[in-house]
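Hi everyone, thanks for making time for this. I'd like to walk you through a structure that may be new to you, so let's put it up on the screen.

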Amino acid sequence: MAAESTNFREAAVRMGISPQVVTRAVKELEAAFGELLFHRNTRQVRITAFGERLMHRAKMSINALDDLFLDNNHRNDNELRGLVRITAPSTLTRTHLLPLLNKIALAHPNITLDLRLSEVITDAVDDKIDIGIRVGFLRDSRYVARPVAKVAFFVCASPALIARCGVPTTLEQLVEHPMSAIVDRNTGRIWPWYFADGQQVGPRLPAFITDDPDTERRSVLDGVAFGQLTAFMAMPYIRSGELVTVLPELEPTPWDLYVYRPQRGPVPARVRLVFDALVDALSASGDFPIDSKSAT
């Protein structure tokens, strides 16, 4: 304002402040830059060449700041545009998530879904994940997690294996039967089998070992071994008669299925849309029985 006025008093009147405030501000800037900004006499002030350059730089900075808030005020034009990164277990994605995500992609073509399938628990913040889906436990206090369903676990076998080996009625009998083993990719160790009252057993001499849940299910379906499968993986085959459940009275307490965000704070509209759609769809799904009786 001082640069566009004939003297500091005029600039002060236009800004509604005292001339002393203008004079002090100019002196502080001159001291900070080590250059004169104005030539002064008793009648008027005239901006220096350095002051002119500084004025143009200041105007550019102010205009850029105005543009920033102008974009923010008009963000509704682009709020459903951009990338949404999602991580989820492969087994759950193929059967439950992919149809929903494809529906979102078709309805909102300006949203790009980046879906990473993994059973490994990654650091969602370091990996820049917007939304995660996991079965089990989330110990990171930074996460905003919504439990949306309960996931039960069933001990299953094919009718052919049941006919060959019989039905185990106790855990002691179960470990004498051929059992599959799934390797935890997070630790490299074999997952224990979980049962009621906190009981756990592990395969003594596994008939089949893998780190892929789909592959384990295939071995169980083919009669290679008994397996402890999540309900959403086993249920279609239980209903079709391709798998039979055993030891239903020893089924463990179901685990939570979570949809989560990495941290608290403002959520872009595109992320909120996908997050809410996943929560609503998985909460309403009838594909998560809490025990083997309700799966049939």
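Let's begin at Ala-196, which counts as buried because its relative accessibility is 16%, under the 20% cut-off. You'll find Ala-196 in a loop, the one between β9 (193-194) and β10 (200-201). Before I go further, please keep in mind that this is a predicted model.

So what does Ala-196 touch, once we set aside residues up to four places away in sequence? The list is Glu-249, Leu-250, Glu-251 and Pro-252. There is also a distance to note here: Pro-254 is 58 residues away from Ala-196 along the chain, and their C-alpha atoms are separated by 9.9 Å.

Now look at Asp-197, in that loop between β9 and β10. Buried or exposed? Asp-197 counts as exposed, because its relative accessibility is 78%. Its backbone deserves a look too: phi is positive, at about 60°, although Asp-197 is not a glycine. As background, most residues other than glycine have a negative phi.

Leu-247 gives us another case, with a positive phi near 50° in a residue other than glycine. Where is Leu-247? Find the loop between β13 (244-246) and β14 (255-261). Leu-247 is buried, since its relative accessible area is 4%.

Let's step back to the chain for a moment. How many helices and strands does the chain have? The secondary structure comes to 10 helices and 14 strands. The chain has 296 residues, and 40% of them count as buried. Its exposed surface is about 16800 Å², with 53% of that supplied by carbon and sulfur atoms. As for contacts with a separation of 6 or more, 73% come from residues 24 or more positions apart.

Val-84 is a good place to see contacts of that kind. It sits in strand β3, residues 82-88, and it is buried, as its relative accessible area is 0%. Leaving out neighbours within four places in sequence, Val-84 is in contact with Ile-111, Thr-112, Leu-113 and Asp-114, with Asp-130 and Ile-131, and with Arg-270, Val-271 and Val-274. Take Leu-113 from that list: between Val-84 and Leu-113 there are 5.1 Å from C-alpha to C-alpha, while in sequence they are 29 residues apart.

Next, Thr-93, in helix α4, which covers residues 90-107. Thr-93 counts as buried because its relative accessibility is 2%. Which residues does Thr-93 touch, again not counting those up to four places away in sequence? They are Ala-88, Leu-98, Pro-99, Leu-115 and Leu-117.

On to another helix, α2, residues 19-33. Its 15 residues reach 21 Å from the first C-alpha to the last, close to the 21 Å expected at 1.5 Å a residue. The buried residues of α2 are Val-22, Val-26 and Glu-30. Viewed down the axis of α2, these buried residues fall within an arc of 70°, so they line one face of the helix. And what do they pack against? The partners are α1 (8-15) and β1 (38-40). If you turn to the face of α2 that points away from its buried side, you'll meet the exposed residues Gln-20, Lys-27, Glu-28, Ala-31 and Ala-32. Just past the end of α2, Gly-34 takes a positive phi of about 70°.

Helix α8, residues 231-240, also has a glycine after it: Gly-241, directly following α8, has a positive phi of about 90°. Within α8, the buried residues are Ala-231, Phe-232, Met-233, Ala-234, Met-235 and Ile-238.

Last stop: the aromatic rings. How many aromatic pairs does the structure hold? There are five. Ring pairs join Phe-153, Trp-191, Tyr-194 and Trp-255 into a cluster. And over at Phe-275, the charged end of Arg-261 sits over the ring, 5.1 Å from its centre.

To pull a few threads together, please hold on to three places. In the loop between β9 and β10, Ala-196 counts as buried and Asp-197 counts as exposed. In α2, the buried residues line one face. And in β3, Val-84 has contacts that include Leu-113 and Val-274. Thanks for listening, and I'm happy to rotate the model for anyone who wants another look!

How values were computed. Residues numbered from 1 in each chain as written. Predicted model: local features only at pLDDT ≥ 70, side-chain atom pairs only at ≥ 80, totals over all residues. Heavy atoms only, no water. Phe/Tyr/Trp six-rings, centres within 6.5 Å; stacked < 30°, edge-to-face > 60°. Lys NZ or Arg CZ within 6 Å of the ring centre and 35° of its normal. Helix = DSSP H or I, 4+ residues; strand = E, 2+ residues; numbered from the N terminus. Expected span 1.5 Å × (residues − 1). Buried < 20%, exposed > 50% of the residue type's maximum accessible area, 1.4 Å probe, protein only. Arc of directions from axis to C-beta. Contact = heavy atoms within 4.5 Å. Areas by Shrake-Rupley, 256 points an atom, 1.4 Å probe, with all protein chains shown as cover.
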